[in-house]
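Student: Could you take a close look at the cysteines in this model and tell me what the question of disulfides comes to, and then set that part against the rest of the fold?

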Amino acid sequence: MQFTDPCPCGSGDPYGRCCRPLHVGERHADTAEQLMRSRFSAYAVGDSDYVWRTWHPRTRPATITLDPGLEWVGLEIVDVAAGGRDDDTGEVEFLAVYRQGRRTGTLHERSRFAVRARRWFYLDGDVG
């Protein structure tokens, strides 16, 4: 992915100004939604290390393996509850569109996030 390509998260900003700075550690997400969008982008660009680093240590798996045959192609935020700059927890409901070969599908999840050491982390989610 090039700096000037549209960010996979759907913000409309170039990847180099949107999610890439979070992926490379230049800055951290300010809100639960921003972290959720950056994690989607990490899946889209194949950055499993970022996905692992932003998963809460209490709930994250030992390793993350991304499916190379799965292409994440679109994100729609459905609802956001709390998760702002002054919050300690938040929830983001989203639809993530993927393509696997000729088949497309949608992951519908309500994710929970929490602040730990002044940073947002993904806790878990309910797939629906």
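Tutor: In this predicted model, the sulfur of Cys19 has its closest cysteine sulfur in Cys7, at 3.5 Å, and because a disulfide requires the two sulfur atoms to lie within 2.5 Å, that separation is too far for a bond. Cys19 is nevertheless a buried residue, with a relative accessibility of 4%. The count of disulfides under this cut-off is zero. Cys9 likewise takes part in no disulfide, the nearest cysteine sulfur being that of Cys18, 3.6 Å away. Cys9 is buried as well, at 0% relative accessibility. A disulfide is a covalent bond joining the sulfur atoms of two cysteines, and what the model shows for Cys19 and Cys7 is a sulfur separation of 3.5 Å without such a bond.

Turning from the cysteines to the nonpolar cores, the largest has 20 residues, of which Leu35, Met36, Phe40, Leu75, Ala96 and Phe113 touch the most other members. Two or more residues of this core come from each of α2 (32–45), α3 (48–53), β1 (70–82), β2 (89–100) and β4 (119–127), and α2 makes the greatest contribution, with five residues. For Met36, if neighbours within four places in sequence are left aside, the contacts are with Leu75, Ile77, Val92, Phe94 and Phe113. Separate from that core is a second one of five residues, and here the cysteines return, since its members include Cys7, Cys9 and Cys19 along with Tyr15.

The strands can be followed from Phe113, one of the residues with the most core neighbours, which is the bridge partner of Gly90 in the pairing of β2 with β3. Those two strands run antiparallel and are joined by twelve bridges, β3 covering residues 103–116. The hairpin that β2 and β3 form has two residues between the strands, and Gly101 there adopts a positive phi near 65°. On its other side in sequence, β3 also pairs with β4, again in the antiparallel sense, over eight bridges, and within this pairing Arg110 stands opposite Asp126 of β4. The hairpin of β3 and β4 likewise has two residues between its strands, with Ala117 in the turn at a positive phi of about 55°.

Terms used: Residues numbered from 1 in each chain as written. Predicted model: local features only at pLDDT ≥ 70, side-chain atom pairs only at ≥ 80, totals over all residues. Heavy atoms only, no water. Buried < 20%, exposed > 50% of the residue type's maximum accessible area, 1.4 Å probe, protein only. Core = buried A, V, L, I, M, F, W, Y, C linked by side-chain atoms within 4.5 Å. Helix = DSSP H or I, 4+ residues; strand = E, 2+ residues; numbered from the N terminus. Contact = heavy atoms within 4.5 Å. Pairing = 2+ DSSP bridges.
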